[in-house]
Amino acid sequence: MNRIFEHPILGPLEDTELVRIFVDGEPVEARKGEVIAAALIATGKQYFRKTIKLQEPRGIYCGIGRCTDCVMTVNGVPNVRTCVTEVEEGMVIETQLGYGKWGRGINS
Amino acid sequence: MMDREIVVIGAGPAGLSAALEAARAGAEVLLVDENHKPGGQLFKQIHKFFGSKDHQAGVRGIDIGVQLLEEAKELKIDVWLNAEVCGIFNQNEVWIVRDKERSVTVRAERIILATGATENAVNFPGWTLPGVMGAGAAQTMINIHRVLPGQKVLMIGSGNVGVIVSYQLLQAGADVKAVVEAAPRLGGYGVHTAKVRRAGVPFYTSHTVLEARGKDHVESAVIGRIDERWKPIPGTEIELEVDTICIAAGLTPLVELAFAAGCRPVFSPVLGGMVPVHDAAMRTSLPSLYVAGDISGVEEASTAMEEGRMAGLSAARSLGHIDDATYRIRYEAVENRLLALRSGLFGQKRRDAKEQIVSQSQG
Amino acid sequence: MKDPRDVFICRCEEVTLREIEEAIEEGYTTVDDVKRITRAGMGLCQGRSCSKVIARLISEKTGIPLSDLLQTGYRYPVRPEKMMVLDNDGEGDE
(Lines give C-alpha, C1' and ligand atoms only; values in the text may rest on other atoms or scores of the structure.)
Protein backbone atom coordinates (compact mmCIF):
# COMPACT_ATOMS: atom_id res chain seq x y z
CA MET A 1 0.00 0.00 0.00
CA ASN A 2 1.57 3.23 -1.07
CA ARG A 3 -0.81 5.79 0.37
CA ILE A 4 0.63 8.24 2.86
CA PHE A 5 -1.83 8.08 5.72
CA GLU A 6 0.17 10.04 8.26
CA HIS A 7 2.44 12.94 7.35
CA PRO A 8 4.48 15.17 9.71
CA ILE A 9 3.60 18.36 7.83
CA LEU A 10 0.43 17.58 5.92
CA GLY A 11 -1.27 15.78 8.78
CA PRO A 12 -3.50 12.73 8.55
CA LEU A 13 -5.04 11.75 5.25
CA GLU A 14 -8.64 12.92 5.42
CA ASP A 15 -11.44 10.48 4.92
CA THR A 16 -13.19 10.95 1.65
CA GLU A 17 -15.85 9.39 -0.51
CA LEU A 18 -14.60 6.41 -2.46
CA VAL A 19 -15.29 5.63 -6.08
CA ARG A 20 -15.05 2.34 -7.88
CA ILE A 21 -12.96 2.22 -11.03
CA PHE A 22 -11.98 -0.72 -13.21
CA VAL A 23 -8.35 -1.31 -14.09
CA ASP A 24 -7.82 -3.96 -16.79
CA GLY A 25 -11.11 -5.47 -15.75
CA GLU A 26 -10.42 -5.54 -12.00
CA PRO A 27 -12.39 -3.31 -9.63
CA VAL A 28 -10.29 -0.86 -7.65
CA GLU A 29 -11.25 1.52 -4.88
CA ALA A 30 -10.08 5.07 -5.45
CA ARG A 31 -10.51 8.32 -3.56
CA LYS A 32 -13.00 10.67 -5.10
CA GLY A 33 -11.23 13.54 -6.87
CA GLU A 34 -7.78 12.00 -7.05
CA VAL A 35 -5.90 11.61 -10.30
CA ILE A 36 -5.91 8.20 -11.97
CA ALA A 37 -2.14 7.83 -11.66
CA ALA A 38 -2.31 8.24 -7.89
CA ALA A 39 -5.02 5.60 -7.60
CA LEU A 40 -2.94 3.20 -9.68
CA ILE A 41 0.29 3.90 -7.82
CA ALA A 42 -1.61 3.20 -4.61
CA THR A 43 -2.36 -0.30 -5.90
CA GLY A 44 1.28 -0.83 -6.83
CA LYS A 45 0.65 -1.07 -10.57
CA GLN A 46 4.01 -1.62 -12.26
CA TYR A 47 3.42 0.13 -15.59
CA PHE A 48 0.69 2.06 -17.37
CA ARG A 49 1.35 1.40 -21.03
CA LYS A 50 3.66 -0.19 -23.54
CA THR A 51 5.31 1.92 -26.20
CA ILE A 52 4.54 1.94 -29.89
CA LYS A 53 7.91 1.03 -31.37
CA LEU A 54 9.46 -1.36 -28.90
CA GLN A 55 6.53 -2.27 -26.63
CA GLU A 56 8.41 -1.15 -23.56
CA PRO A 57 6.71 -0.39 -20.26
CA ARG A 58 6.19 3.20 -19.14
CA GLY A 59 4.84 4.85 -16.01
CA ILE A 60 4.84 8.43 -14.78
CA TYR A 61 7.83 10.58 -15.63
CA CYS A 62 7.07 14.29 -15.29
CA GLY A 63 3.96 13.88 -13.17
CA ILE A 64 2.43 17.17 -14.28
CA GLY A 65 0.80 16.36 -17.60
CA ARG A 66 3.56 17.50 -19.94
CA CYS A 67 5.49 14.43 -21.05
CA THR A 68 2.61 12.02 -21.84
CA ASP A 69 4.47 8.95 -20.63
CA CYS A 70 1.62 8.06 -18.26
CA VAL A 71 -1.19 7.85 -20.83
CA MET A 72 -3.71 5.05 -20.74
CA THR A 73 -6.99 4.22 -22.47
CA VAL A 74 -9.85 5.57 -20.34
CA ASN A 75 -13.49 4.77 -21.11
CA GLY A 76 -12.43 3.70 -24.56
CA VAL A 77 -10.46 6.85 -25.30
CA PRO A 78 -6.69 6.38 -25.77
CA ASN A 79 -3.88 8.74 -24.75
CA VAL A 80 -5.49 10.07 -21.60
CA ARG A 81 -2.90 11.62 -19.28
CA THR A 82 -3.47 9.79 -16.02
CA CYS A 83 -1.40 12.15 -13.88
CA VAL A 84 -3.79 15.06 -14.49
CA THR A 85 -7.13 13.30 -15.04
CA GLU A 86 -9.42 12.68 -12.05
CA VAL A 87 -11.08 9.36 -11.34
CA GLU A 88 -14.84 9.00 -11.75
CA GLU A 89 -17.28 6.37 -10.57
CA GLY A 90 -17.34 3.48 -13.00
CA MET A 91 -14.34 4.63 -15.00
CA VAL A 92 -12.83 1.92 -17.20
CA ILE A 93 -9.06 2.15 -17.35
CA GLU A 94 -6.91 -0.05 -19.53
CA THR A 95 -3.17 -0.49 -19.88
CA GLN A 96 -2.53 1.03 -23.30
CA LEU A 97 -0.58 -1.07 -25.75
CA GLY A 98 0.95 1.04 -28.49
CA TYR A 99 -1.42 3.50 -30.08
CA GLY A 100 -4.39 2.19 -28.21
CA LYS A 101 -7.75 1.62 -29.81
CA TRP A 102 -10.93 3.60 -29.67
CA GLY A 103 -13.97 1.88 -28.24
CA ARG A 104 -14.88 0.44 -24.88
CA GLY A 105 -12.98 -2.57 -23.67
CA ILE A 106 -11.03 -3.10 -26.86
CA ASN A 107 -7.29 -3.41 -26.68
CA SER A 108 -4.85 -5.11 -28.99
CA MET B 1 -11.11 38.93 -31.01
CA MET B 2 -11.27 40.40 -27.52
CA ASP B 3 -9.13 43.11 -25.96
CA ARG B 4 -7.34 43.12 -22.63
CA GLU B 5 -4.79 45.53 -21.26
CA ILE B 6 -2.49 42.89 -19.82
CA VAL B 7 -2.36 39.17 -20.50
CA VAL B 8 -0.26 37.11 -18.10
CA ILE B 9 0.77 33.69 -19.36
CA GLY B 10 1.33 31.16 -16.57
CA ALA B 11 -0.36 31.12 -13.15
CA GLY B 12 2.57 29.99 -11.05
CA PRO B 13 4.12 32.24 -8.38
CA ALA B 14 5.55 34.68 -10.95
CA GLY B 15 2.40 34.95 -13.03
CA LEU B 16 0.09 35.21 -10.04
CA SER B 17 2.24 37.92 -8.49
CA ALA B 18 2.37 39.83 -11.78
CA ALA B 19 -1.40 39.64 -12.24
CA LEU B 20 -2.03 40.78 -8.66
CA GLU B 21 0.35 43.71 -8.89
CA ALA B 22 -1.05 44.89 -12.21
CA ALA B 23 -4.65 44.48 -11.07
CA ARG B 24 -3.98 46.41 -7.86
CA ALA B 25 -2.62 49.23 -9.99
CA GLY B 26 -5.92 49.30 -11.84
CA ALA B 27 -5.05 47.43 -15.01
CA GLU B 28 -7.44 45.03 -16.69
CA VAL B 29 -5.76 41.63 -16.44
CA LEU B 30 -6.35 38.22 -17.97
CA LEU B 31 -4.35 35.35 -16.44
CA VAL B 32 -4.11 32.14 -18.43
CA ASP B 33 -2.66 28.74 -17.57
CA GLU B 34 -2.56 25.51 -19.57
CA ASN B 35 -3.06 23.34 -16.49
CA HIS B 36 -6.38 22.50 -14.85
CA LYS B 37 -5.20 23.98 -11.54
CA PRO B 38 -3.27 27.20 -10.93
CA GLY B 39 -0.19 27.64 -8.75
CA GLY B 40 2.55 26.16 -10.91
CA GLN B 41 4.97 24.25 -8.72
CA LEU B 42 4.06 26.16 -5.57
CA PHE B 43 1.67 23.63 -4.08
CA LYS B 44 4.35 20.94 -3.94
CA GLN B 45 6.58 23.05 -1.74
CA ILE B 46 5.68 21.93 1.75
CA HIS B 47 8.93 23.21 3.22
CA LYS B 48 9.51 26.65 4.70
CA PHE B 49 11.11 29.25 2.47
CA PHE B 50 14.23 31.16 3.48
CA GLY B 51 14.75 34.86 3.81
CA SER B 52 13.55 37.57 6.09
CA LYS B 53 9.97 38.23 7.11
CA ASP B 54 9.60 40.29 3.93
CA HIS B 55 10.18 37.27 1.78
CA GLN B 56 7.66 35.11 3.50
CA ALA B 57 10.40 33.34 5.41
CA GLY B 58 9.15 30.55 7.58
CA VAL B 59 6.09 30.27 5.35
CA ARG B 60 5.49 27.18 3.30
CA GLY B 61 4.98 27.27 -0.46
CA ILE B 62 1.54 25.72 -0.15
CA ASP B 63 0.38 28.47 2.18
CA ILE B 64 1.76 31.19 -0.08
CA GLY B 65 -0.08 29.57 -2.96
CA VAL B 66 -3.38 29.63 -1.10
CA GLN B 67 -2.81 33.26 -0.20
CA LEU B 68 -2.05 34.31 -3.76
CA LEU B 69 -5.13 32.58 -5.09
CA GLU B 70 -7.33 34.21 -2.49
CA GLU B 71 -5.99 37.62 -3.42
CA ALA B 72 -6.63 36.90 -7.09
CA LYS B 73 -10.20 36.00 -6.21
CA GLU B 74 -10.68 39.17 -4.15
CA LEU B 75 -9.38 41.32 -6.99
CA LYS B 76 -11.70 39.45 -9.33
CA ILE B 77 -8.91 38.70 -11.78
CA ASP B 78 -10.06 36.81 -14.84
CA VAL B 79 -8.36 33.40 -14.81
CA TRP B 80 -8.61 30.93 -17.67
CA LEU B 81 -7.44 27.41 -16.86
CA ASN B 82 -6.96 24.64 -19.44
CA ALA B 83 -5.97 27.48 -21.74
CA GLU B 84 -2.91 26.87 -23.90
CA VAL B 85 -1.20 29.85 -25.47
CA CYS B 86 -0.16 28.63 -28.91
CA GLY B 87 1.33 31.79 -30.30
CA ILE B 88 1.86 35.52 -30.03
CA PHE B 89 1.46 37.52 -33.24
CA ASN B 90 2.59 41.07 -33.95
CA GLN B 91 3.77 41.30 -30.36
CA ASN B 92 0.24 41.75 -29.12
CA GLU B 93 -2.17 39.12 -30.42
CA VAL B 94 -2.33 36.11 -28.16
CA TRP B 95 -3.68 32.92 -29.73
CA ILE B 96 -5.18 30.73 -27.03
CA VAL B 97 -6.76 27.30 -27.36
CA ARG B 98 -9.27 26.65 -24.58
CA ASP B 99 -10.07 23.16 -23.33
CA LYS B 100 -8.16 21.75 -26.30
CA GLU B 101 -11.05 22.53 -28.59
CA ARG B 102 -11.63 26.19 -29.37
CA SER B 103 -9.40 29.05 -30.40
CA VAL B 104 -9.64 32.53 -29.00
CA THR B 105 -7.48 35.49 -29.94
CA VAL B 106 -6.90 38.14 -27.31
CA ARG B 107 -5.40 41.47 -28.28
CA ALA B 108 -3.22 42.64 -25.41
CA GLU B 109 -1.37 45.88 -24.92
CA ARG B 110 1.12 44.19 -22.68
CA ILE B 111 2.01 40.52 -22.30
CA ILE B 112 3.81 39.01 -19.33
CA LEU B 113 5.37 35.61 -19.95
CA ALA B 114 5.68 33.53 -16.78
CA THR B 115 5.87 30.06 -18.24
CA GLY B 116 8.42 28.61 -15.86
CA ALA B 117 10.93 25.87 -16.55
CA THR B 118 11.10 22.14 -17.20
CA GLU B 119 13.19 19.43 -15.53
CA ASN B 120 16.33 18.24 -17.33
CA ALA B 121 16.78 14.66 -18.40
CA VAL B 122 19.73 12.37 -17.69
CA ASN B 123 19.90 9.61 -20.27
CA PHE B 124 21.29 6.48 -18.67
CA PRO B 125 20.45 2.94 -19.82
CA GLY B 126 17.07 2.03 -18.39
CA TRP B 127 15.99 5.63 -17.75
CA THR B 128 12.65 5.04 -19.46
CA LEU B 129 11.69 2.22 -17.08
CA PRO B 130 8.66 2.88 -14.88
CA GLY B 131 10.05 4.06 -11.57
CA VAL B 132 12.47 6.55 -13.12
CA MET B 133 10.95 10.02 -12.86
CA GLY B 134 11.75 13.66 -12.39
CA ALA B 135 12.25 14.73 -8.79
CA GLY B 136 9.31 17.07 -9.35
CA ALA B 137 7.11 14.12 -10.27
CA ALA B 138 7.93 12.37 -7.00
CA GLN B 139 7.24 15.63 -5.18
CA THR B 140 3.86 15.94 -6.89
CA MET B 141 2.92 12.40 -5.94
CA ILE B 142 3.86 12.65 -2.30
CA ASN B 143 2.86 16.21 -1.47
CA ILE B 144 -0.17 16.71 -3.64
CA HIS B 145 -1.55 13.25 -4.28
CA ARG B 146 -0.30 11.68 -1.04
CA VAL B 147 0.98 8.47 -2.60
CA LEU B 148 4.51 7.14 -2.51
CA PRO B 149 5.72 6.36 -6.02
CA GLY B 150 8.06 3.78 -4.47
CA GLN B 151 9.60 2.64 -1.21
CA LYS B 152 13.36 2.67 -1.95
CA VAL B 153 14.66 5.71 -3.75
CA LEU B 154 17.86 6.76 -5.46
CA MET B 155 18.16 10.54 -5.89
CA ILE B 156 20.29 11.83 -8.74
CA GLY B 157 21.54 15.33 -7.99
CA SER B 158 22.40 17.02 -4.72
CA GLY B 159 21.25 20.54 -5.65
CA ASN B 160 18.39 22.25 -3.85
CA VAL B 161 15.72 20.22 -5.58
CA GLY B 162 17.58 16.98 -4.95
CA VAL B 163 18.04 17.49 -1.22
CA ILE B 164 14.65 19.09 -0.61
CA VAL B 165 12.80 16.30 -2.41
CA SER B 166 14.97 13.69 -0.68
CA TYR B 167 13.95 15.17 2.63
CA GLN B 168 10.31 15.25 1.63
CA LEU B 169 10.51 11.62 0.52
CA LEU B 170 11.82 10.74 3.97
CA GLN B 171 8.98 12.69 5.56
CA ALA B 172 6.57 10.74 3.38
CA GLY B 173 7.95 7.47 4.70
CA ALA B 174 10.24 6.40 1.88
CA ASP B 175 13.72 4.99 2.30
CA VAL B 176 16.19 7.14 0.38
CA LYS B 177 19.03 4.76 -0.34
CA ALA B 178 21.52 7.30 -1.66
CA VAL B 179 22.02 10.68 -3.26
CA VAL B 180 24.52 10.77 -6.11
CA GLU B 181 26.23 13.91 -7.30
CA ALA B 182 28.44 14.04 -10.39
CA ALA B 183 30.42 17.03 -9.14
CA PRO B 184 33.11 16.60 -6.49
CA ARG B 185 31.10 18.80 -4.10
CA LEU B 186 27.51 18.82 -2.96
CA GLY B 187 25.34 21.50 -4.50
CA GLY B 188 22.35 22.26 -2.31
CA TYR B 189 21.45 24.36 0.69
CA GLY B 190 23.31 23.26 3.81
CA VAL B 191 20.17 23.16 5.93
CA HIS B 192 18.40 20.58 3.82
CA THR B 193 21.54 18.61 3.04
CA ALA B 194 22.24 18.30 6.76
CA LYS B 195 18.72 17.06 7.46
CA VAL B 196 19.05 14.33 4.86
CA ARG B 197 22.49 13.38 6.14
CA ARG B 198 21.28 13.17 9.73
CA ALA B 199 18.62 10.74 8.59
CA GLY B 200 21.43 8.43 7.56
CA VAL B 201 21.25 8.83 3.80
CA PRO B 202 24.67 8.33 2.13
CA PHE B 203 25.87 10.98 -0.34
CA TYR B 204 28.14 9.89 -3.18
CA THR B 205 30.03 12.75 -4.80
CA SER B 206 31.88 12.26 -8.10
CA HIS B 207 29.39 9.52 -8.82
CA THR B 208 26.80 9.02 -11.48
CA VAL B 209 24.05 6.56 -12.25
CA LEU B 210 25.16 4.01 -14.83
CA GLU B 211 22.05 1.92 -15.30
CA ALA B 212 18.53 1.28 -14.11
CA ARG B 213 17.68 -2.42 -14.08
CA GLY B 214 14.35 -4.20 -14.04
CA LYS B 215 11.82 -5.88 -16.24
CA ASP B 216 8.60 -3.88 -16.02
CA HIS B 217 9.73 -1.47 -13.34
CA VAL B 218 12.93 -0.35 -11.67
CA GLU B 219 14.35 -3.13 -9.47
CA SER B 220 17.87 -1.87 -8.93
CA ALA B 221 20.28 0.85 -9.97
CA VAL B 222 23.99 0.77 -10.67
CA ILE B 223 26.04 3.79 -9.66
CA GLY B 224 29.77 4.33 -10.13
CA ARG B 225 32.54 6.83 -9.63
CA ILE B 226 33.58 9.20 -12.41
CA ASP B 227 36.91 10.86 -13.09
CA GLU B 228 37.68 14.57 -13.69
CA ARG B 229 36.49 14.15 -17.27
CA TRP B 230 33.16 12.78 -16.11
CA LYS B 231 34.06 9.32 -17.43
CA PRO B 232 33.03 6.27 -15.41
CA ILE B 233 35.87 4.48 -13.67
CA PRO B 234 35.61 0.72 -14.23
CA GLY B 235 35.53 -1.38 -11.12
CA THR B 236 33.78 1.21 -8.95
CA GLU B 237 30.23 0.07 -9.65
CA ILE B 238 27.78 -0.38 -6.79
CA GLU B 239 24.35 -1.92 -7.28
CA LEU B 240 21.60 -0.50 -5.10
CA GLU B 241 18.26 -2.15 -4.50
CA VAL B 242 15.78 0.59 -5.35
CA ASP B 243 12.37 0.77 -6.98
CA THR B 244 12.46 4.48 -7.73
CA ILE B 245 15.06 6.76 -9.29
CA CYS B 246 14.50 10.51 -9.13
CA ILE B 247 16.32 12.85 -11.47
CA ALA B 248 17.14 16.28 -10.03
CA ALA B 249 19.55 17.54 -12.66
CA GLY B 250 18.49 21.14 -13.00
CA LEU B 251 15.81 23.01 -14.92
CA THR B 252 15.61 24.67 -18.33
CA PRO B 253 13.50 27.77 -18.95
CA LEU B 254 10.44 27.24 -21.15
CA VAL B 255 11.19 29.93 -23.70
CA GLU B 256 9.51 28.77 -26.90
CA LEU B 257 6.76 31.42 -26.87
CA ALA B 258 9.16 34.22 -26.08
CA PHE B 259 11.54 33.38 -28.90
CA ALA B 260 8.86 32.55 -31.46
CA ALA B 261 7.41 35.97 -30.70
CA GLY B 262 10.77 37.52 -31.47
CA CYS B 263 12.40 38.21 -28.10
CA ARG B 264 16.16 38.45 -28.30
CA PRO B 265 17.88 35.52 -26.56
CA VAL B 266 21.02 35.36 -24.44
CA PHE B 267 22.87 32.29 -23.19
CA SER B 268 22.98 32.03 -19.41
CA PRO B 269 24.42 28.68 -18.35
CA VAL B 270 24.16 29.48 -14.64
CA LEU B 271 20.42 30.12 -14.95
CA GLY B 272 19.51 27.17 -17.14
CA GLY B 273 20.36 27.97 -20.74
CA MET B 274 18.82 30.34 -23.28
CA VAL B 275 16.71 33.08 -21.73
CA PRO B 276 15.05 36.20 -23.14
CA VAL B 277 17.14 39.32 -22.68
CA HIS B 278 15.39 41.62 -20.22
CA ASP B 279 16.09 44.78 -18.28
CA ALA B 280 15.74 45.31 -14.54
CA ALA B 281 12.08 46.16 -15.04
CA MET B 282 11.62 42.70 -16.62
CA ARG B 283 10.93 44.07 -20.09
CA THR B 284 12.27 42.03 -23.03
CA SER B 285 13.71 43.36 -26.29
CA LEU B 286 10.11 43.68 -27.47
CA PRO B 287 8.55 46.68 -25.72
CA SER B 288 5.17 45.06 -25.09
CA LEU B 289 6.55 41.77 -23.76
CA TYR B 290 7.73 41.17 -20.19
CA VAL B 291 9.04 38.07 -18.46
CA ALA B 292 9.08 36.92 -14.85
CA GLY B 293 10.13 33.85 -12.91
CA ASP B 294 12.01 30.81 -14.17
CA ILE B 295 11.46 31.66 -17.87
CA SER B 296 13.84 34.55 -17.31
CA GLY B 297 16.40 32.38 -15.54
CA VAL B 298 15.94 29.52 -13.08
CA GLU B 299 16.02 30.64 -9.48
CA GLU B 300 13.39 30.10 -6.79
CA ALA B 301 9.77 30.74 -5.95
CA SER B 302 10.63 33.81 -3.89
CA THR B 303 12.55 35.48 -6.72
CA ALA B 304 9.80 34.44 -9.11
CA MET B 305 7.24 36.29 -7.02
CA GLU B 306 9.37 39.43 -6.82
CA GLU B 307 10.05 39.39 -10.54
CA GLY B 308 6.36 38.88 -11.13
CA ARG B 309 5.64 41.97 -9.03
CA MET B 310 8.26 43.89 -10.98
CA ALA B 311 6.81 42.87 -14.33
CA GLY B 312 3.25 43.63 -13.23
CA LEU B 313 4.31 47.01 -11.88
CA SER B 314 6.30 47.92 -14.95
CA ALA B 315 3.62 46.82 -17.38
CA ALA B 316 0.94 48.73 -15.49
CA ARG B 317 3.09 51.82 -15.28
CA SER B 318 3.81 51.71 -19.01
CA LEU B 319 0.06 51.92 -19.56
CA GLY B 320 -0.24 54.94 -17.30
CA HIS B 321 -1.79 53.22 -14.27
CA ILE B 322 1.01 54.26 -11.92
CA ASP B 323 2.72 57.65 -11.81
CA ASP B 324 6.50 57.86 -11.96
CA ALA B 325 7.01 58.72 -8.30
CA THR B 326 4.95 55.79 -7.04
CA TYR B 327 6.61 53.50 -9.53
CA ARG B 328 10.06 54.50 -8.36
CA ILE B 329 9.21 53.70 -4.74
CA ARG B 330 7.71 50.31 -5.52
CA TYR B 331 10.43 49.48 -8.03
CA GLU B 332 13.12 50.12 -5.43
CA ALA B 333 11.33 48.06 -2.83
CA VAL B 334 11.20 45.07 -5.16
CA GLU B 335 14.78 45.59 -6.26
CA ASN B 336 15.99 45.61 -2.66
CA ARG B 337 14.14 42.42 -1.90
CA LEU B 338 15.60 40.77 -5.00
CA LEU B 339 19.06 41.83 -3.92
CA ALA B 340 18.54 40.32 -0.51
CA LEU B 341 17.31 37.08 -2.07
CA ARG B 342 20.38 36.98 -4.33
CA SER B 343 22.95 37.10 -1.56
CA GLY B 344 25.07 34.50 0.11
CA LEU B 345 27.04 31.67 -1.43
CA PHE B 346 24.41 30.54 -3.90
CA GLY B 347 22.61 33.83 -4.34
CA GLN B 348 25.65 35.77 -5.45
CA LYS B 349 26.15 33.53 -8.48
CA ARG B 350 22.57 34.09 -9.54
CA ARG B 351 22.88 37.79 -9.00
CA ASP B 352 25.95 37.98 -11.24
CA ALA B 353 24.18 35.92 -13.89
CA LYS B 354 21.14 38.19 -13.78
CA GLU B 355 23.28 41.28 -14.06
CA GLN B 356 24.92 39.76 -17.13
CA ILE B 357 21.52 39.31 -18.76
CA VAL B 358 20.35 42.81 -17.90
CA SER B 359 23.58 44.31 -19.22
CA GLN B 360 22.72 42.75 -22.58
CA SER B 361 19.50 44.72 -22.67
CA GLN B 362 21.24 48.07 -22.95
CA GLY B 363 22.21 48.55 -26.57
CA MET C 1 25.23 -3.98 -19.13
CA LYS C 2 23.18 -2.65 -21.98
CA ASP C 3 24.84 -0.95 -24.93
CA PRO C 4 24.85 2.74 -23.97
CA ARG C 5 24.16 3.74 -27.57
CA ASP C 6 20.77 2.07 -27.37
CA VAL C 7 19.66 4.54 -24.74
CA PHE C 8 16.72 6.65 -25.82
CA ILE C 9 17.37 10.34 -26.17
CA CYS C 10 13.79 11.06 -27.25
CA ARG C 11 11.45 9.16 -24.94
CA CYS C 12 8.31 10.00 -26.85
CA GLU C 13 9.42 8.73 -30.25
CA GLU C 14 11.90 6.12 -28.92
CA VAL C 15 14.88 7.53 -30.80
CA THR C 16 18.23 6.18 -29.64
CA LEU C 17 21.56 7.85 -29.07
CA ARG C 18 22.94 5.77 -31.93
CA GLU C 19 20.36 7.14 -34.38
CA ILE C 20 21.08 10.69 -33.33
CA GLU C 21 24.83 10.29 -33.54
CA GLU C 22 24.47 8.78 -36.98
CA ALA C 23 22.38 11.71 -38.11
CA ILE C 24 24.99 14.14 -36.84
CA GLU C 25 27.74 12.19 -38.57
CA GLU C 26 25.77 12.38 -41.80
CA GLY C 27 25.89 16.16 -41.57
CA TYR C 28 22.66 17.08 -39.80
CA THR C 29 24.07 19.62 -37.41
CA THR C 30 21.16 21.63 -36.14
CA VAL C 31 18.57 20.45 -33.64
CA ASP C 32 15.86 21.03 -36.22
CA ASP C 33 17.64 18.93 -38.87
CA VAL C 34 18.24 16.08 -36.44
CA LYS C 35 14.58 16.33 -35.46
CA ARG C 36 13.43 16.13 -39.07
CA ILE C 37 15.53 13.13 -39.94
CA THR C 38 15.10 11.06 -36.77
CA ARG C 39 11.72 12.27 -35.51
CA ALA C 40 13.34 13.08 -32.18
CA GLY C 41 11.51 16.04 -30.72
CA MET C 42 8.42 15.53 -32.85
CA GLY C 43 6.49 13.57 -30.31
CA LEU C 44 3.87 14.65 -27.84
CA CYS C 45 6.21 16.56 -25.59
CA GLN C 46 7.61 18.47 -28.58
CA GLY C 47 11.25 18.12 -27.67
CA ARG C 48 10.88 19.25 -24.10
CA SER C 49 13.15 16.59 -22.69
CA CYS C 50 15.43 15.93 -25.66
CA SER C 51 16.18 19.23 -27.42
CA LYS C 52 18.79 20.32 -24.93
CA VAL C 53 20.47 16.90 -25.01
CA ILE C 54 20.53 16.83 -28.81
CA ALA C 55 22.06 20.30 -28.87
CA ARG C 56 24.76 19.15 -26.45
CA LEU C 57 25.48 16.06 -28.55
CA ILE C 58 25.84 18.15 -31.71
CA SER C 59 28.09 20.57 -29.87
CA GLU C 60 30.30 17.77 -28.56
CA LYS C 61 30.63 16.17 -31.98
CA THR C 62 31.04 19.26 -34.12
CA GLY C 63 32.43 21.94 -31.84
CA ILE C 64 29.56 24.29 -32.69
CA PRO C 65 28.90 26.43 -29.59
CA LEU C 66 25.96 25.26 -27.52
CA SER C 67 24.44 28.74 -27.47
CA ASP C 68 24.22 28.75 -31.27
CA LEU C 69 22.50 25.37 -31.31
CA LEU C 70 19.96 26.20 -28.63
CA GLN C 71 18.40 28.90 -30.77
CA THR C 72 16.24 26.43 -32.64
CA GLY C 73 13.52 27.65 -34.92
CA TYR C 74 10.46 27.98 -32.75
CA ARG C 75 7.19 28.01 -34.65
CA TYR C 76 3.53 28.34 -33.79
CA PRO C 77 1.58 26.60 -32.46
CA VAL C 78 3.88 25.84 -29.55
CA ARG C 79 1.42 23.26 -28.30
CA PRO C 80 0.10 20.29 -30.32
CA GLU C 81 -3.54 20.99 -31.15
CA LYS C 82 -6.25 19.32 -33.18
CA MET C 83 -6.75 20.74 -36.65
CA MET C 84 -10.31 21.74 -35.81
CA VAL C 85 -9.21 24.54 -33.49
CA LEU C 86 -7.70 26.41 -36.41
CA ASP C 87 -11.15 26.82 -37.83
CA ASN C 88 -13.16 28.04 -34.91
CA ASP C 89 -11.70 31.29 -33.61
CA GLY C 90 -14.28 32.35 -31.06
CA GLU C 91 -15.51 35.89 -30.59
CA GLY C 92 -14.01 35.75 -27.16
CA ASP C 93 -15.57 34.34 -24.02
CA GLU C 94 -17.03 35.88 -20.89
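How many residues does helix H3 of chain C have, and how far does H3(C) reach from its first C-alpha to its last? Select residues 51-62 of chain C to find out. The helix has 12 residues and reaches 16 Å, close to the 16 Å expected at 1.5 Å a residue. Keep in mind throughout that this is a predicted model.

**Stop 1: around H3 of chain C**

Show the side chains of Val53(C), Ile54(C), Ala55(C), Leu57(C), Ile58(C) and Ser59(C). These are the buried residues of H3(C). Now add their surroundings in chain C. The buried residues pack against strand E1 (8-10) and helix H1 (17-25). They also pack against helix H2 (31-38) and helix H4 (66-69). Next, step just past the end of H3(C) to Gly63(C). Its phi is positive, at about 85°.

**Stop 2: the loop before H3**

Move back to Ser49(C), in the loop between H2 and H3 of chain C. Is Ser49(C) buried or exposed? Ser49(C) counts as buried, because its relative accessibility is 13%, under the 20% cut-off. Turn on contacts, leaving aside neighbours within four places in sequence. Two residues light up: Ala121(B) and Arg11(C).

**Stop 3: all of chain C**

Zoom out and colour chain C by secondary structure. Four helices and two strands appear. Trace the chain along its sequence and the pattern reads β-β-α-α-α-α. Why is chain C described as more spread out than a compact globule? Its radius of gyration is 16 Å, well over the 12 Å that the globule rule gives for 94 residues, so chain C is more spread out than a compact globule. Orient the C-alpha trace along its principal axes: it spans about 55 × 30 × 20 Å. Colour by burial next. Buried residues make up 41% of the 94 residues in the chain. Contacts give another view of chain C. Take those between residues at least 6 apart in sequence; 48% of them join residues at least 24 apart.

**Stop 4: the sheet in chain B**

Switch to chain B and select E8, E15, E9, E10 and E11. In that order, these five strands form an open sheet with parallel pairing. Strand E8 (132-134) and strand E11 (203-205) are the edge strands, each pairing on one side only. Neighbouring strands of the sheet are turned by 20° against each other on average, direction ignored.

Now add helix H3 (residues 135-144) of chain B. This helix packs on the sheet and touches E8, E9 and strand E15 (244-247) of chain B. Its direction makes about 85° with that of E8(B).

Helix H4 (residues 160-171) of chain B is next. H4(B) lies across E9, E10, E11 and E15 of the chain. It runs at about 170° to E9(B).

Zoom in on E9 (residues 152-156) and E10 (residues 175-181) of chain B. Five bridges join these parallel strands. Pick Val153(B): its bridge partner in E10(B) is Val176(B).

**Stop 5: Arg3 of chain A**

Finish in chain A, in the segment before strand E1 (18-23), where Arg3(A) is found. At 13% relative accessibility, Arg3(A) counts as buried. Which side chain does Arg3(A) join through a polar contact of 2.9 Å? The partner is the side chain of Glu34(A). Leave aside neighbours within four places in sequence and display the contacts of Arg3(A). Among them in chain A are Leu13(A), Glu29(A), Ala30(A), Arg31(A), Ala39(A) and Ala42(A). Chain B contributes Arg146(B) and Val147(B).

Notes: Residues are numbered from 1 along each chain as its sequence is written. Chains are lettered from A and ligands numbered from 1 in the order in which they are written. This is a predicted model: local features need pLDDT of at least 70, side-chain atom pairs count only at pLDDT 80 or more; totals for chains, interfaces and linings use all residues. Side-chain values use heavy atoms; hydrogens and water are left out. The expected span of a helix is 1.5 Å times one less than its number of residues. Buried means under 20% relative accessible area, exposed over 50%, partly exposed in between (1.4 Å probe, protein chains only). Contact means heavy atoms within 4.5 Å. A polar contact is a pair of N or O atoms within 3.5 Å; within protein, one must be able to donate a hydrogen and the other to accept it, and residues adjacent in sequence count only if both atoms are side-chain atoms. Two strands pair if DSSP finds at least two bridges between them. Axes are lines fitted to C-alpha atoms, for helices over the stretch in contact, and angles run from 0 to 180 degrees between N-to-C directions. The radius of gyration is taken over C-alpha atoms; the globule rule is 2.2 Å times the number of residues to the power 0.38.
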